[in-house]
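Work through the exercises below with the model open. Try each task before reading its solution.

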Amino acid sequence: MTLKLESKVAVVTGGATGIGEAIARRFAAEGATVVIWDLDGIGAARLGEELGGSGLACDVASRASVTEATATTIRRHDRIEVLVNNAGVAIAGPSETFSDDQWDTSIAIMQTGVFLCSQIVGRHMLERRSGSIVNISSINAWAAFPMRLAYCAAKAAVVAMTEVLAIEWADRGIRVNAVAPGVTRTALVQKGIDEGVIDVEAYRARTPMHRFGEPDEIARAVLYLANDLDGSFVTGTTLRVDGGWSAQGWIVRDR
Ligand SMILES: NC(=O)c1ccc[n+]([C@@H]2O[C@H](COP(=O)([O-])OP(=O)(O)OC[C@H]3O[C@@H](n4cnc5c(N)ncnc54)[C@H](O)[C@@H]3O)[C@@H](O)[C@H]2O)c1
């Protein structure tokens with residue numbers, strides 16, 4: 001059987017837990033050497049080494065940190081062929097009192113972070129004239145949720161950045177795509193449940209499949225876009241993996 005990422009070196013940002021961890025595990029099962037970049041350097045190293053790759057502390061919002069992580073990864077593993085921009089935070093609050101700090105943190109990690117990692121790793125990929133980038137957006141790129149002004153803005157920006165990078169780099173061997181997950185059971189969603197901004201039953205009722213996504217269901221979509229066997233002619237696409245959430249336009253009653 002051909003493994004889809006055989007001998008590929010793949011970086012997953014925010015890969016120490018949640019959807020990123022599922023992507024790291026799925027990639028490793030498909031033959032990739034996975035390198036995890038996460039604010040949690042200990043968790044990143046632990047999982048990376050468990051999967052036969054490595055992990056390091058990196059803040060995707062810092063140019064210096066991303067530059068250093070890129071250099072360390074290339075020194076350790078020779079190259080980077082796949083980049084998954086997954087790191088994210090969910091900061092919710094009323095728009096009229098949302099602080100500059102809450103706004104700046106959200107945008108720095110989920111928008112500027114995608115810019116920095118794509119640019120710095122992208123330069124290396126352009127030199128090699130080969131690479132695949134997958135950005136993790138969200139249904140919130142299109143679906144407005146109250147109290148998520150910065151989150152929705154950043155995730156919409158990710159769709160736009162995916163398209164611009166895709167058309168700029170398409171004829172230089174780089175594909176750039178995105179996945180927009182629906183509500184997926186991770187620590188980030190648990191935080192929303194604990195804070196009372198996610199009503200589990202209402203979310204289930206609103207989703208045509210009437211359940212949350214599993215992290216590995218997102219990881220499989222990322223694998224499809226990341227690997228050159230399946231995704232060879234796909235660039236500039238954002239794939240919604242949301243149990244039908246975005247398609248739902250009908251009246252929803254409690255079940
Ligand atoms: N869970 C969902 O329902 C859902 C839905 C749509 C989109 N997403 C997106 O999927 C991605 C992963 O979400 P998750 O639910 O797995 O979250 P999570 O909170 O479980 O994991 C996020 C990871 O990102 C890391 N991280 C945070 N800031 C970082 C930074 N500055 N630099 C490096 N790493 C950083 C954290 O340490 C953590 O390991 C995020 O971009 C999120 O917005 C999640």
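**Exercise 1.** What covers the buried residues of H4?

Solution. Start with the ground rules. This is a predicted model, where local features need pLDDT of at least 70, side-chain atom pairs count only at pLDDT 80 or more, and totals for chains, interfaces and linings use all residues. Residues are numbered from 1 along each chain as its sequence is written.

Next, fix the terms. Helices (H or I, at least four residues) and strands (E, at least two) are DSSP runs, numbered from the N terminus. A residue is buried if 20 or more other C-beta atoms lie within 10 Å of its own, exposed if 12 or fewer, and partly exposed in between, with C-beta atoms placed from the backbone. Two residues are in contact if their C-beta atoms, placed from the backbone, lie within 7 Å.

Now list the buried residues of H4. Among them are Ser106, Ile109, Met110, Val114, Leu116, Val121 and Met125. The cover over the buried residues includes strand E1 (9-13), helix H3 (63-77), strand E4 (82-85), E5, H5 and E6.

**Exercise 2.** Compare the span of H4 with its expected span, then locate its bend.

Solution. The expected span of a helix is 1.5 Å times one less than its number of residues. H4 has 29 residues, so it should span 42 Å; its end C-alpha atoms are 40 Å apart, which agrees. The helix bends by about 40° at threonine 112. The bend is the angle between axes fitted to the seven residues ending there and the seven starting there. After H4 comes arginine 129, with a positive phi near 55°.

**Exercise 3.** Repeat the span check for H5 and find its cover.

Solution. H5 (residues 149-169) has 21 residues, so 30 Å is expected; its end C-alpha atoms lie 30 Å apart, which agrees. Its buried residues include Leu149, Tyr151, Lys155, Met161 and Trp169. Covering them are, among others, helix H4 (100-128), strand E5 (131-136), strand E6 (174-181) and strand E7 (238-241).

**Exercise 4.** Describe the shell around the ligand.

Solution. A residue is near a molecule if its C-beta atom, placed from the backbone, lies within 6 Å of it. Of the 29 residues around the ligand, Gly14, Gly18, Gly88, Thr186 and Leu188 come nearest. Helix H1 (18-29), H4 and helix H6 (187-194) each give two or more residues to this shell. Sort the shell by type: 16 nonpolar (Ala, Val, Leu, Ile, Met, Phe, Trp, Tyr, Cys and Pro), three charged (Asp, Glu, Lys and Arg) and ten polar (the others, Gly among them).
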